[in-house]
Amino acid sequence: MSKIHGNSKYCQEKQDIADQYIEDWMAGGDDTGDAMPSNTRLSLLLGVTRQTMDTWAKKHDDFREVMWRVKALQKLTLQNGGLLEKFNPSVTKLVLATNHGMSDRQAIDHTSGDEPIGAIRVEVVGAQSNA
């Protein structure tokens, strides 16, 4: 397994790379060929691990903002790509559920004649045993 090499210290140069990544996606995509923005791609561009990025986000508001914007752009890209049938529906649903807390739910209204069903009493009747 290869390690990511490079400077893992937060600095303005790393922030500039992250800011540029966001700007490129806001302008219509980037040149990586990725279908959507991701913090995984950002970590590769920065030469640091995702854990390092999470640490930076806890300490630096500007970097936390970038990570939030990547996630928001990813969600928007997935939603639009799914609605426009540009993305595989199963993959789109999976990523939206896994990364963005969305789910496919059905609400079932248990009523009888538009009236709520009340408590149900169950009575077991049988022979008594005289042991």
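**Exercise 1. State what share of the contacts with a separation of 6 or more in the protein chain comes from residues 24 or more positions apart, and set that share beside the make-up of the chain.**

Solution. In this predicted model, residues 24 or more positions apart account for 53% of the contacts in the protein chain that have a separation of 6 or more. The next step is to list the elements between which contacts may be sought: the chain has 5 helices and 2 strands, and from the N terminus on they run α-α-α-α-α-β-β. Turning to exposure, buried residues make up 24% of the 131 residues in the protein chain, while the chain exposes about 10200 Å², of which carbon and sulfur atoms supply 51%.

**Exercise 2. Describe the largest nonpolar core and identify the elements that give two or more residues to it.**

Solution. The largest nonpolar core has 15 residues, and those with the most contacts inside it are Leu 42, Leu 46, Met 53, Phe 63, Val 66 and Val 70. The elements giving two or more residues to this core are helix H1 (12-26), helix H2 (39-46), helix H3 (50-59) and helix H4 (61-83). H4 gives the most, with 5 residues. To follow one core residue outward, take Leu 46, which touches Lys 14, Ile 17, Ala 18, Met 53, Trp 56 and Phe 63 when residues up to four places away in sequence are not counted.

**Exercise 3. Determine which residues of H2 are buried, and explain how they are arranged around the helix axis.**

Solution. The first step is to collect the buried residues of H2, which are Asn 39, Leu 42, Ser 43 and Leu 46. Seen down the axis of H2, these buried residues fall within an arc of 100°, and therefore they line one face of the helix. The second step is to ask what this set of residues meets: the buried residues of H2 pack against H1, H3 and H4. The last step looks at the end of the helix, where Gly 47, just after H2, takes a positive phi of about 75°.

**Exercise 4. Classify Ser 38 and Gln 74 as buried or exposed, and trace the contacts of each.**

Solution. Ser 38 is found in the loop between H1 and H2, and with a relative accessible area of 15% it is buried, since the cut-off for that class is under 20%. Leaving aside its neighbours within four places in sequence, Ser 38 is in contact with Tyr 21, Val 70 and Gln 74. Gln 74, in turn, has its place in helix H4 and counts as buried at 8% relative accessibility. Not counting residues up to four places away in sequence, Gln 74 touches Met 36, Pro 37, Ser 38, Val 95, Asn 99 and His 100. The contact between Ser 38 and Gln 74 thus links the loop between H1 and H2 with helix H4.

**Exercise 5. Locate the 2 salt bridges of the structure and assign an exposure class to each partner.**

Solution. The structure holds 2 salt bridges. In one of them the side chains of Asp 34 and Arg 41 meet, at 2.7 Å from N to O; Asp 34 counts as partly exposed at 24% relative accessibility, and Arg 41 is partly exposed as well, with a relative accessible area of 23%. In the other, Arg 64 pairs with Asp 61, the closest N and O atoms being 1.9 Å apart. Because these two residues are 3 residues apart in helix H4, Arg 64 and Asp 61 are separated by about one helical turn. Arg 64 is partly exposed, with a relative accessible area of 37%, whereas Asp 61 counts as exposed at 54%.

**Exercise 6. Examine the exposure of Trp 68 and Ile 120, and name the nonpolar patch that includes Ile 120.**

Solution. Trp 68 has its place in helix H4 and counts as exposed at 57% relative accessibility, the cut-off for this class being over 50%. Although Trp 68 and Asn 39 are 29 residues apart in sequence, their C-alpha atoms lie 9.4 Å apart in space. Ile 120 is placed in the segment after strand S2 (115-116), and it counts as exposed at 70% relative accessibility. Together with Ile 117, Val 122 and Val 124, Ile 120 forms a nonpolar patch on the surface, and these residues have about 480 Å² of accessible area together.

Technical notes. Residues are numbered from 1 along each chain as its sequence is written. This is a predicted model: local features need pLDDT of at least 70, side-chain atom pairs count only at pLDDT 80 or more; totals for chains, interfaces and linings use all residues. Side-chain values use heavy atoms; hydrogens and water are left out. A nonpolar core is a set of buried Ala, Val, Leu, Ile, Met, Phe, Trp, Tyr and Cys residues joined through side-chain atoms within 4.5 Å. Buried means under 20% relative accessible area, exposed over 50%, partly exposed in between (1.4 Å probe, protein chains only). Helices (H or I, at least four residues) and strands (E, at least two) are DSSP runs, numbered from the N terminus. Contact means heavy atoms within 4.5 Å. The arc is that of the directions from the helix axis to the C-beta atoms. Patches are made of residues with over 30% relative accessible area and no salt bridge: like charges are joined within 9 Å, nonpolar side chains (Val, Leu, Ile, Met, Phe, Trp, Tyr) within 5 Å. Accessible areas come from the Shrake-Rupley method with a 1.4 Å probe; for residues, only the protein chains shown count as cover. A salt bridge is a side-chain nitrogen of Lys or Arg within 4 Å of a carboxyl oxygen of Asp or Glu.
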